Amino acid sequence: MLGKMMYQPLLLSGLIEHAAQYHGDTAVLSKEVDGTVTHSDWLTVSNNAKRMANGLAALGLKPADRIATLAWNNRRHLEAWYAISGSGMICHTINPRLFPEQLSYIVNDADDQALLFDITFLPLIMAIKDSLKGIKYFICLGARDDKVVAQLPETLFFDELLEQSAAEFDWPQFDETTASSLCYTSGTTGNPKGILYTHRSSVLHAIALCMPDVSALSAQDVLLPVVPMFHVNAWGTPYAAALTGCSLILPGPNLDGDSLVSLIDDYKVTVALGVPTIWQSLLAAAKNRGSKLDSMTRTIVGGAACPPSVIKTFREDFNCDAIHGWGMTETSPLGTMNQIKAKHKSLSDSEVNRVRESQGRPPYGIQIRLMDTENPEQVVAEDGHSQGNLQARGHWVISDYFTENPEAVTEDGWFDTGDIATIDADGYMNIRDRAKDLIKSGGEWISSVELENIAVEHPQVKMAAAIAAKHARWGERPVLIVVKEQGSSVEEAQILEFYNGRVASWQIPDKVIFVDNIVLNGAGKMVKNDLRREYGNVLLDS
Ligand code: AMP
């Protein structure tokens, strides 16, 4: 027997409707590409999204069409998002830092019909324009600009489209499993693969993100998503923000530590989200400027392993909770989040700190398990030290890829993440490494993450990457690539000494290589493939 309750499809348009109706005057601030700050609110975002939905329809764009965006986190991008997905089209956010060939590959693979872009990316578009097959409209996110027209005469302008479009629009109602947005993985090996989210998965993900044991987002918060909207939909924050009616600060293109400290202090940000490298530069800038980041109650750190030293500094020096989370493009991305349980309250500070270092436990909606690396049918014990291949399933986990080799799950319905992890009896998961980043020395595994976390604890180390270098006797040995703090004269021996007592002696890297810079990808993660290519033979050569 079916129950007798109303059924309403879970649609993204419902989120912006809610924000407009109940939080219409709550601020949505946006740093624009020209450096100015626009003050808007949820009602205006909603009204503009409706106008833009009319504007896109008037161009002949229709439900299921893929509409690409190449843009920073800003207000027009947000309005375009709701206009596109809300009217049944699919919002395809593109990472502008991909190689140009990858960029045109994914635009063509997605069969994008229109491309909305920030003016910053015009040179990029001009470079690949001839290889883009299906794009009918180029829409610049701004007012008319003669410089843009001079280069790309067919460009339409977002602000003009808004002015020309009718205000009245009713969000269409459709099946909640309709596709809402599309993100491609960064494709470090092979072609990037598309992940096609549904309205249902995105709304459920947004609800989960707000739960007290996840980010505890509420209408009292001022949220700063530093994570770009092209990195897994800014981890779902633009949806969660509308759902709670919190205030939203969109940081635009400048994500350096100084710019972020200014935004946090000027607009009293209470919660921010981003990858560890962002927080490392933010902490340095805040210390430099003497800011205590007073308004910040918590920061959500994920996307790469967060060094325990970063968590500790946030807590001890800035009275701010640093909450470690794990996720992937394929998991929308929320997979686990580190919030303690009641039983942890009686622990000492240092014991609680240790609990908080892991990537945390799954919220309702996600399950995780470990499978044996040698015997893939065998489930690994959740005892906190046995490691295995991490698999996930849940309401916002991929079922199939968008195109090429669509198969994404095991026969019994789990997604294999490619991460190696441990899980303890309380469900807390610890990522040991990406399977391909683990270092196998004489048949024993060494976690590159653990070596990197220790290195960045050293006061004179700014960034560090541990990679597997080929070794004649041991197969592989760890080599540490280090960027020193400015002005530091630290030497190899001092860094290697720092490992004494922190890891077993056979896990200490064989060599330290100092470099000026480690390249980060569009999501702010270290590009280890390049490092392996460059330094993978360094122990053989010597
Ligand atoms: P992406 O889909 O590009 O966001 O990358 C997902 C991958 O990032 C995961 O499979 C992990 O290897 C890594 N990752 C994400 N969050 C964390 C974390 N908190 N600690 C360690 N690795 C992480």
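## Cysteines without partners

The sulfur of C320 lies 11 Å from the closest cysteine sulfur, which belongs to C306, and this is too far for a bond. C320 also counts as buried, because its relative accessibility is 1%. The structure described here is a predicted model, and everything said about its cysteines should be read with that in mind.

Across the whole structure there are zero disulfides. C210 is likewise in no disulfide, since a disulfide requires two cysteine sulfur atoms within 2.5 Å, and the nearest cysteine sulfur to that of C210, in C246, is 7.7 Å away. With a relative accessibility of 10%, C210 counts as buried.

## Two pairs of packed helices

How do helix 11 and helix 12 pack, and at what angle? Helix 11, made of residues 257-267, and helix 12, made of residues 276-289, have axes 8 Å apart and pack at an angle of about 70°, which makes helix 11 roughly perpendicular to helix 12. On the side of helix 11, the contact is formed by G257, D258, L260, V261, S262 and I264, and these meet I278, S281, L282, A285, A286 and R289 of helix 12. Sorted by character, the residues of this contact are seven nonpolar, three polar and two charged.

The axes of helix 13 (residues 308-318) and helix 14 (residues 349-357) come within 10 Å and cross at roughly 125°, and the two helices are therefore oblique to each other. The crossing in which helix 13 passes helix 14 is right-handed. Helix 13 contributes P308, I311, R315 and E316 to the contact, while helix 14 contributes N353, R356 and E357. The residues of this contact divide into two nonpolar, one polar and four charged.

## The buried side of helix 4

Which residues of helix 4, which spans residues 100-110, are buried? They are Q102, L103, S104, I106, V107 and A110. An α-helix has 3.6 residues a turn, so residues three or four places apart point the same way. With this in mind, a reader can look along the helix in the structure and follow where the buried positions fall.

The buried residues of helix 4 pack against several elements, namely strand 3 (66-70), strand 4 (90-93), strand 5 (112-117), helix 5 (122-128) and strand 8. Just after helix 4 comes D111, which takes a positive phi of about 55°.

## A buried tryptophan in a loop

W171 is found in the loop that runs between helix 7 (158-164) and strand 8 (179-184). Is this residue, W171, buried or exposed? Its relative accessibility is 8%, and W171 therefore counts as buried.

Beyond its neighbours within four places in sequence, W171 is in contact with S13, I16, E17, A49, K50, A53, Y82, A83, G86 and S87. A further comparison can be made with L11, which is 160 residues from W171 in sequence, although the C-alpha atoms of these two residues are 9.5 Å apart in space.

## A buried threonine in a strand

T422 is part of strand 18, which covers residues 415-423. The relative accessible area of T422 is 6%, and T422 is therefore buried.

Which residues does T422 touch, if those up to four places away in sequence are not counted? They are L370, G384, H385, S386, Q387, Y428, M429, N430 and R432.

Conventions
Residues numbered from 1 in each chain as written. Predicted model: local features only at pLDDT ≥ 70, side-chain atom pairs only at ≥ 80, totals over all residues. Heavy atoms only, no water. Helix = DSSP H or I, 4+ residues; strand = E, 2+ residues; numbered from the N terminus. Buried < 20%, exposed > 50% of the residue type's maximum accessible area, 1.4 Å probe, protein only. Contact = heavy atoms within 4.5 Å. Axes fitted to C-alpha atoms, helices over the stretch in contact; angles between N-to-C directions. Parallel < 35°, antiparallel > 145°, perpendicular 65-115°, else oblique. Left-handed = near helix turned anticlockwise from the far one by under 90°. Nonpolar A, V, L, I, M, F, W, Y, C, P; charged D, E, K, R; others polar.
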